[in-house]
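Let us walk through this structure together, one part at a time. Take a moment to look at it before reading on.

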Amino acid sequence: MHLTQEEERMLSGEYGSAVQKCIEILTAVGEINNATEMVKIESSHISGSSYKEAGDAGIKLLRLLSAARVRVPATLSSIGIDVQKWKGMKIPRHYASKQYEMLKLYEKIGIISACTCTPYLSGNVPRFGQHLSWTPSESIIAANSQFGAMTNRESDVTALASAICGRTPMYGYHLNENRKGQILVKVESDLEDVSDYGALGYYVGKIAGSENPVFEGLPSYLAIEQLKSLGASLATSGAVALYHILGVTPEALTTDVKRGVHERITVGKKDIEQTYEVLSSSAAEKVDIISIGCPHCSISEIRSISAALRNRKVAKGVSLWVCTSLAVKAIADKMGFTQAINRAGGMLLTGVCPHAMPNEIYGTKTVATNSAKSAHYIPELCGVNVHFGNTRKCTRAAISGRWS
Amino acid sequence: MKVILKGRRVSKGTAQGYAVVSSEPISFLGGIDRETGTIREEISGLKGTSIAKKVFVFPTGKGSTGGSMILFGLAEKKKGPAAILNAEADTITAVGAILGGIPMIDRFDKDPVSVIKNGDFIKVDAEKGIVEILRNEDQGKGRTSSVMCDST
């Protein structure tokens, strides 16, 4: 791999051992992937910030790297506790204090603790054609697809190393030749709620694996909420990092994204219905937790939920979690949406990823969610069963305490 | 005479130890116990074998990117492998090895998974990309002899 003088200086330890470690990682990753050079990045978004995933090794690593500072704007993804009101949620104190220590170490390195998987709703907005180093999977696919920026599927560590060095090895999705659509997906089903787009993504992701799907037959007025739901679930059942929608996503508007297509599939109403069944692991009628906001809710989603709860109460013993970022919650506070959700007995949670919360919170409860990604990961990571349905069904379940 | 394999440095350093060889790809997240360094999956008849302080030989890594952190965590607890030898390195294992200061080499002139046997004593010099293999049965007799590695 050809390194610039500046990169050689990093490698020789001139900027300290933390920077040296980071450039060693990036060089090795580049050589493994046959990159010939580094490319400067314009932003980074970093996960691995949940104590549940990273564990004590994660804290050790951050201490090791905390002598370094980021060279580009960098934001932190969602974490394992609500950053404002974890005490009210019975989060074990030990877990909270470890999570808090991680947060402080990231901040010391210069990373903005936006604590969200939708950083583009909190000020870290990718631009068309920019090279980035982003993670986790739902943020990666949003940057590549919704915005037409370029990022590989980075890990917690490689995204952090890139933020510290301001570079990433030039391979994979940084090269136009790897951004062509490969599987043409004809959608022949009417889709409405974010959960429908989640089901579509989950169905297609299984078939696509790591290839790039191109969707045709979707309406041109797709909202950002539907796109983020589609992307997150494509990256859940598959390793998809980039999709195109004809007439909607930026690369599909500017280039012939169909030029690499070698496979065609059709998705019908039945496929979507079956995906709802596949993702519903619970047979229980009673529900205990309603989890909304994976990926994190936009202000429009919060407004609809607060409207659905008007003059209603969340059933006794049922928890309604609506997850979003600190920035979006500030607007929700201003608009009175937060208070409306609170009055009904629900909670607007900030900065937290529902799957990253400690399992003690879940116990043996039954969860209902409008997120295909959550429906996939909550059973695996939190050990409880879920109902997967549309947003209306979820808010109804919050009020009645029953799944019907 | 000893058997020498030449490869490409992935993570710097030198080490030595006895070989643990898997003919199947390894996922550190789920595949290896994060506290003890014991293999948890039924791979190549190695379930229950510890990779701590061993020269761990396998074709390539697989699975979740969280595997890097498992490998780093094991190294911090002194339960990590002494060195890693791969046919073709993957990003997850390479990142974990660099973080943990574990020497690692890949892309050898001969396939390390078929040349190296369980229990061989291995000297690894990742700076030079060189691996020296001393066969176990000969070790017991207090001598080393040549092993034909092209017989695989």
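Two strands count as paired if DSSP finds at least two bridges between them. With that in mind, start in chain B, where the bridge partner of Phe121(B) is Leu134(B), a residue of β8(B). Please remember throughout that this is a predicted model.

The pair Phe121(B) and Leu134(B) belongs to a longer connection: strand β7, residues 121–125 of chain B, is joined by five bridges to strand β8, residues 130–134 of chain B, and the two run antiparallel. Now widen the view. Chain B holds an open sheet of eight strands, and following it across gives the order β1-β8-β7-β3-β4-β5-β6-β2, with mixed pairing. Where does this sheet of chain B have its edge strands? They are β1 (3–6) and β2 (8–11) of chain B, each of which pairs on one side only. Going from one strand to the next, the twist averages 30 degrees.

Chain A has an open sheet too, made of three strands in the order β3-β2-β4, and here the pairing is parallel. Its edge strands are β3 (74–76) and β4 (132–134) of chain A, as each pairs on one side only. The twist in this sheet averages 10 degrees from one strand to the next. To see how its strands are linked, find β2 of chain A, residues 43–46: three bridges join this strand to β3(A), and the two run parallel. One residue to look for is Ser44(A), whose bridge partner in β3(A) is Ala74(A).

Next, turn to the place where the chains meet. The size of an interface is often given as the accessible area lost when the parts come together. Between chain A and chain B the buried area is about 1,700 Å², and carbon and sulfur atoms give 67% of it. In terms of residues, 20 from chain A are in contact with 18 from chain B.

What polar links cross this interface? Six residue pairs are in polar contact, both residues being at pLDDT 80 or more. The rule also finds one salt bridge across the interface. Glu24(A) forms a salt bridge with Lys12(B), their closest N and O atoms being 2.7 Å apart.

Which elements of chain A give two or more residues to the side that touches chain B? These are α2 (17–32), α3 (51–65) and α6 (156–165) of chain A. The largest share, eight residues, comes from α2(A). Sorted by class, this side of chain A has nine nonpolar, six polar and five charged residues.

Technical notes:
Residues numbered from 1 in each chain as written. Chains lettered and ligands numbered in written order. Predicted model: local features only at pLDDT ≥ 70, side-chain atom pairs only at ≥ 80, totals over all residues. Heavy atoms only, no water. Contact = heavy atoms within 4.5 Å. Buried area = accessible area lost by both parts, 1.4 Å probe. Salt bridge = Lys/Arg side-chain N within 4 Å of Asp/Glu carboxyl O. Polar contact = N/O pair within 3.5 Å; in protein donor to acceptor, adjacent residues only side chain to side chain. Helix = DSSP H or I, 4+ residues; strand = E, 2+ residues; numbered from the N terminus. Nonpolar A, V, L, I, M, F, W, Y, C, P; charged D, E, K, R; others polar. Axes fitted to C-alpha atoms, helices over the stretch in contact; angles between N-to-C directions.
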